[in-house]
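Hi,

Here is the structure I promised to pass on. Have a look at it first, and my notes follow underneath.

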Amino acid sequence: MRKILIALTVAMTCATVQARDTYNFNSQWTIDNKQQVTLPRAWNEKAAYAVECNQMPDSVVWYRKTFRLPKMKRGDRVLIEFEGAKQAAEVWLNKKRVGLSENGVMAFGFDLTPYIKKGDNLIEVMTDNNIDYRERSSNSKFQWNYNNFNCNYGGLTKNVKLHIVPATHQTLPLYRDLGTTGQYIYGSNYDIDGHTCTINVETQVSAARPEKSLRMDVIVEEMDGREVARFSSPAASCPAGLTTLKASKRVGGLHFWSWGYGYLYRVKTIVGTDTVTTTTGFRKAEFKEGMIWLNNRVMMVHGYAQRSTNEWPGAGNAVPAWLSDYSNALQVESGGNLVRWMHITPSKQDIESCDRVGLIQAMPAGDSEKDVDGRRWEQRVEVMRDAIIYNRNNPSILFYECGNNNIGEEHMAEMKALKEKYDPNGMRAIGSRNMLSSRVAEYGGEMLYVNKSSDKPMWQMEYCRDEGVRKYWNSWSYPYHKQGDGPLYRNAPAPAYNQNMDELAVEFVRRWYDYWLERPGQGTKVNSGGVKIIFSDSQSHSRGETNYRTSGVVDAMRIPKDAFYTHQVMWSGWVDEELLRTHIIGHWNYNEGDTIPRIYVVSNADTVTLKLNNKPLNIKPKHSYRYLWTFENVPYEAGDLAACGKGWNGRRADSFTDHLHTAGKPVALRLTKIENPTGWKADGADVALVEIEAIDAQGRRAPLADNAITYEVEGEAEYLGGVANGREDNYARSTTLPLNAGVSRIMLRSTPKAGHVVLTAKTDQLASATVSFDTKPIDTRYGLSRQMPADGLACRLTRGETPQVPLKLQKRDIAIVSAEAPVAGDKAALAFDGDESTSWQSDGQLENAWITFNLAEQTPATEVCLKTVAFRSKAYPIEICSGDEVLWKGYTPKSLSFVRLPLKPHRSNGRYTIRMYGSTNDGDAFGAVKEMAKENDEKKVSGKSSLRILEIQFICNR
């Protein structure tokens, strides 16, 4: 009897799933009654990478679609959900105005029920991506609608869904338009080692009429459908209108979401005949002691500040879900653990993609480079509110970002109140860039200058803006681009924005080294890492020879540069590296008898040696910046160049060898398919990539080949092309484009008709090549499909669960009790107050340029960690003394923040004096490396005889 009851219960549950119908609403649209398209689609996509971002076309454009609904029950409602539009979108149904969205960022939706009719329905959306668009009600512009940040891809560039729901139903998380908040699912009381937590589920219900007894049933499932847990809320009477039902249960056997471990669950909430399925994950996060903790493990941020458009040549930001996974998974593969999306909330597609691939996110809402007030501030608050509600079930979001620069404490408190109201239990930190002195923000950090903290985490948000196009290997390789040579930027030479690939990778090593020195475990005040701007070359404002930014570690088609592998060496672990790795920068195709001026090797090994054709080269490398090994005047001989890194983490026998092989003369082309892992869909929106290489007779890529390749497509696909350097339009959409450094990629888009596709690549010098595909049909009826864009995409579990290994605490601060100085003694404490926006300084008289610190204990300090005013342009001649004994003497190195000064062994009486003994050495040491907002950059200060200290630490070994 019990088995029969269980079977009946399951059958009833399965039957209720169909009570809510959610459809993919992307197909069979037209743009201005001319072009039939499948969404997402930017109407100005042909300009992607063809023009500078501030030259993107903008206009009013209409999207239209005719659709027909299946038979509905009495009382059913029809809700539409747009995941976003650029900039404004006014929706009409059957010639009646439904509503308007204007912020250009967030999802929006409406109740279409009053406007629906039997038979055919016509939906029309008027989009307006005018860069000067103003809100109709206030005449105010939106601060983030700016032509130099995220590229202005116009129209319906994100997915659309249609929901048919019963009269009493669970709501959608579309607060601005529908006033509803949907579901909220979170874990609490985590036992990480025991794989257990309490799962808490809330759902908001819209009741058409008073309900005497309403209950929520919850089923937690693995992604393959296996049940994990089942529980229910208490039955309750509910008035007509909105009610929230809650339930929770302690659940064991869980796998917790983590970096590189996108473990997700499906949580079904069932209320009456309405079932909602939410894909989410569970993880524990804490922000304390200046550090970030994920599942009880300290994590140092290393990743990328990426444009929220996450764009591609040919298609802009309107790409299928699998391609988002492909791009975001590459960030993880490079060693990245966090993506800081820039200025605006990313697409829901990218957010869900980061869930699947295990990439932590910092999510902005809508902002620009400064705080604002009035209606423009209200717009920022509204978008943050909507973004929190819409995305609070996505476990990869750990940070809410309120601004791309400082905001005032009152505004920070207002944003924090939003988090506490709409996401009080999500274990997320809310903050903004900078916020060094804030007592409200839960995290902060400047653009690139190293900040440290012992309370809220500080991580740097846009470091290393240098640029370099992938086709330039080094100054002595074809096509012989002189390092740093390029157009002027702001009427001055711009070598930082015209790097070759070798020096670009080396610069990334130098800049990361600054953060590595101050990583968790190296003191009580620590730095929590940083994100490099950007991951992929983007269609945003450039300062180099191209009209798009080439700061990425991959190019616009996601072909890796040497910097990609450089980061793999440095970023293999949670704080310190956890793998021994070695990478040789460059190629090994030169002329016999050449002497190569420099070979760079990036390795975390104790020693690195070179072998040429298995013979050791007797060249002693210069070791710098922990990871960089420079071999000078290396003799060339065709064959195999090997770099062997040996010894690591106390294990002398460990080794890792990287190889470069000489390629012969290119004889043919090789085409490699990169496509949707679930099959290339014939839906008019799915795409496939093809990589094209010039290869030698042994199949090795020819690294100097730049052949012009012509492409021909036959069958059910549209050619979208790729990108290459050397022409003003970057060969965008061109059917002929050159290889850069022996390789290129192009993109094809399916038509709505399934069929066979053949791509042929030809060049006069090499044998041509072909590759073929078959696109898979999609079941679409009357403009509706049950197949969602991300269906079937697998979670990436590459890195495994969070390793439960404690942080290696190598050093600690010796607490400073007080300080005394001959001048400004009342401000001496500013030198160790933990606030890098304040400082102590002497009066300009050399005899007064000293300060003495009294420590809480007499343990000898092993080093002084010092941050001075004008740290990038002033070297201070100082001596550090304990009593009469000089422990360190010299000029402080110019830096991008803190410097570490080693002290010789000594006995300590708990008092240390810092004293200047001469004039400062002035002059900027970092050129183009600077904060982009002038008010945030390090200020030049006059005077050569003042000692100026922002922060000081006395550090000893643990």
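A quick definition before anything else: a residue counts as buried when its relative accessible area is under 20%. Keep in mind as well that this is a predicted model.

With that cut-off, Asp514 comes out as buried, because its relative accessible area is 18%. You'll find Asp514 in helix α7, which covers residues 501-517. Leaving aside residues up to four places away in sequence, Asp514 touches Val450 and Leu896.

Next, helix α4. This one runs over residues 348-357 and is mostly covered, with nine of its 10 residues buried. Among them are Lys348, Asp350, Asp355 and Arg356, along with Ile351 and Val357. What do the buried residues of α4 pack against? Their partners are two helices, α3 (321-333) and α5 (374-391), plus the strands β25 (338-342), β26 (360-364) and β27 (397-401). Just past the end of α4, Gly358 has a positive phi of about 80°.

Then there's a sheet to look at. Four strands make up an open, antiparallel sheet, in the order β16-β15-β19-β20. At its edges sit β16 (227-232) and β20 (274-280), each pairing on one side only. On average, neighbouring strands here are turned by 15° against each other, ignoring direction. Inside the sheet, β15 (residues 216-222) and β19 (residues 265-271) run antiparallel and are joined by seven bridges. If you want a spot to zoom in on, Glu222 stands opposite Tyr265 in β19.

Cheers

Conventions:
Residues are numbered from 1 along each chain as its sequence is written. This is a predicted model: local features need pLDDT of at least 70, side-chain atom pairs count only at pLDDT 80 or more; totals for chains, interfaces and linings use all residues. Side-chain values use heavy atoms; hydrogens and water are left out. Two strands pair if DSSP finds at least two bridges between them. Axes are lines fitted to C-alpha atoms, for helices over the stretch in contact, and angles run from 0 to 180 degrees between N-to-C directions. Buried means under 20% relative accessible area, exposed over 50%, partly exposed in between (1.4 Å probe, protein chains only). Contact means heavy atoms within 4.5 Å.
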